Amino acid sequence: MAEEKPAVELAKGVNGLDKVVLRGARGSSAEVYLYGGHVTSWKNDHGEELLFVSSKAIFKPPKAIRGGIPICFPQFGSHGTLEQHGFARNKLWSIDTDPPPFPTNSSNKAFVDLILKPSEEDAKIWPHSYEFRLRVALGPGGDLMLTSRIRNTNSDGKAFSYTFAYHTYFSVSDISEVRVEGLETLDYLDNLQEQERFTEQGDAITFESEVDKIYLSTPSKIAIIDHEKKRTFVLRKDGLPDAVVWNPWDKKAKAMADFGDDEYKHMLCIEAAAVEKPITLKPGEEWKGRLELSAVPSSYCSGQLDPQKVLQG
Ligand SMILES: O=P(O)(O)OC[C@H]1O[C@@H](O)[C@H](O)[C@@H](O)[C@@H]1O
């Protein structure tokens, strides 16, 4: 009998970068690079990849990996003085061997704790002391769970504020066949129109051109229905009121060096985020932001699927 592989294993990834491989009980798996604290793979029990990573992704600092789940911290987007999406996604994280207690299902072994602390160099661009702990776990059913705990460890009595996102790239069969449920009728800021505020109209969201919107105060559950693949992703979030929806479409795709010209057809970013209202932490305070992803088979025929059932179920 083949020897059972460990639930958690340290391995070498692209360009020799360190990565942690997580293996669930029934065949699911996930991979997390220490570079960026970046999840680059999430596979279901059948070994099917559920996240998109570009074939042109550059696995080399200081460029963030194009795809998977980059962590945007302490700034989402370009609205602030820091680099686009902050620096956490292009820092080398460490394995946290002694994380503070974490309420968890003790039978679940497939998880890893990472930590990011500022270096002296970092403190020059963001003069704050913090501990950012990230737990990545595979649930018994193959769900992927990310929990971020950010603590203000400033000794100068100063509070700090930040914006945040789990910039998740979902793998989809064909963007034109995908719909997103849970964001209809909500207000959003349109990044393609100078962040002007609009209200989404009644129907589920479908895609036929570039989209870059920040939906505000969204429900905790959002569904991505991939008709062709007959698969529904369900995203549950906590502590993250907003949701960014991004697809670069053809023109922007061509302008990105680390993204294939046609790859926009096979990805969709739905990002659990806190953007509109920055989070403020006083010294000693800790914030928690959680994302849980599951992928379920959906046998969709036009009109048969009741979105309410997906969202309430
Ligand atoms: O190329 P980056 O820095 O990874 O950003 C990709 C996209 O990320 C999205 O979250 C932003 O809303 C877009 O405006 C941006 O283009």
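Guide: Let's start with a term: a polar contact is a pair of N or O atoms within 3.5 Å, and within protein one of them must be able to donate a hydrogen and the other to accept it. One caveat before we look around: this model is predicted.

Visitor: What makes the pair formed by the backbone nitrogen of T81 and the side chain of Q75 a polar contact?
Guide: The backbone nitrogen of T81 lies 3.3 Å from a polar atom of the Q75 side chain. The limit is 3.5 Å, so the pair qualifies.

Visitor: And why is Q75 called buried?
Guide: Its relative accessible area is 4%. Buried means under 20%, so Q75 falls in that class. As for its place, Q75 lies in the loop between β5 and β6.

Visitor: Which other residue sits in that loop, and what's odd about its peptide bond?
Guide: P74 is one, also in the loop between β5 and β6. The bond from F73 to P74 is cis, with omega near 0°. Another cis bond joins P61 and P62, where omega is about 5°. P62 lies in the loop between β4 (38–43) and β5 (71–72).

Visitor: Why point out cis bonds at all?
Guide: Because most peptide bonds are trans. That general rule also says that most residues other than glycine have a negative phi.

Visitor: Which residues have a positive phi, then?
Guide: Among them are K230, with phi near 55°, and W249, with phi near 60°. Neither is a glycine. K230 is in the loop between β16 (221–226) and β17 (231–238), while W249 belongs to helix α2 (residues 249–255).

Visitor: How do you know whether K230 and W249 are buried or exposed?
Guide: Set the values against the cut-offs. W249 has a relative accessible area of 13%, which is under 20%, so it is buried. K230 comes in at 46%, between 20% and 50%, so it counts as partly exposed.

Visitor: What about S176: why is it called partly exposed?
Guide: Its value is 47%, and exposed would need over 50%, so S176 stays in the middle class. S176 is in the loop between β11 (169–171) and β12 (178–181). From S176 to D261 it's 85 residues in sequence and 16 Å in space, C-alpha to C-alpha.

Visitor: And what class does F111 get?
Guide: At 26%, F111 is not under 20% and not over 50%, so it is partly exposed too. F111 is in strand β7 (residues 111–116).

Visitor: Now the ligand. What makes a residue count as being around it?
Guide: One of the residue's heavy atoms has to lie within 4 Å of the ligand. The residues that pass are R66, F76, Q84, H85, R89, H167, N191, D212, V244, W246 and E271. That shell divides into three nonpolar, four polar and four charged residues.

Visitor: How do you know that the side chains of H85, D212 and E271 make polar contacts with the ligand?
Guide: In each case an oxygen atom of the ligand faces an N or O atom of the side chain: 3.0 Å for H85, 2.5 Å for D212 and 2.9 Å for E271. The limit is 3.5 Å, so these three count. Taken alone the ligand exposes 390 Å², and the protein buries 82% of that.

Visitor: Where does the ligand sit?
Guide: In the largest pocket. To count as sitting there, more than half of its atoms must lie within 2 Å of the pocket's grid points.

Key
Residues are numbered from 1 along each chain as its sequence is written. This is a predicted model: local features need pLDDT of at least 70, side-chain atom pairs count only at pLDDT 80 or more; totals for chains, interfaces and linings use all residues. Side-chain values use heavy atoms; hydrogens and water are left out. Helices (H or I, at least four residues) and strands (E, at least two) are DSSP runs, numbered from the N terminus. Buried means under 20% relative accessible area, exposed over 50%, partly exposed in between (1.4 Å probe, protein chains only). Accessible areas come from the Shrake-Rupley method with a 1.4 Å probe; for residues, only the protein chains shown count as cover. On a 1 Å grid over the protein atoms alone, a cavity is a set of points where a 1.4 Å probe fits but cannot get out, and a pocket is an open set with protein on both sides within 12 Å along at least five of seven lines; lining residues have an atom within 4 Å of a point. Ala, Val, Leu, Ile, Met, Phe, Trp, Tyr, Cys and Pro count as nonpolar, Asp, Glu, Lys and Arg as charged, and the others, Gly among them, as polar.
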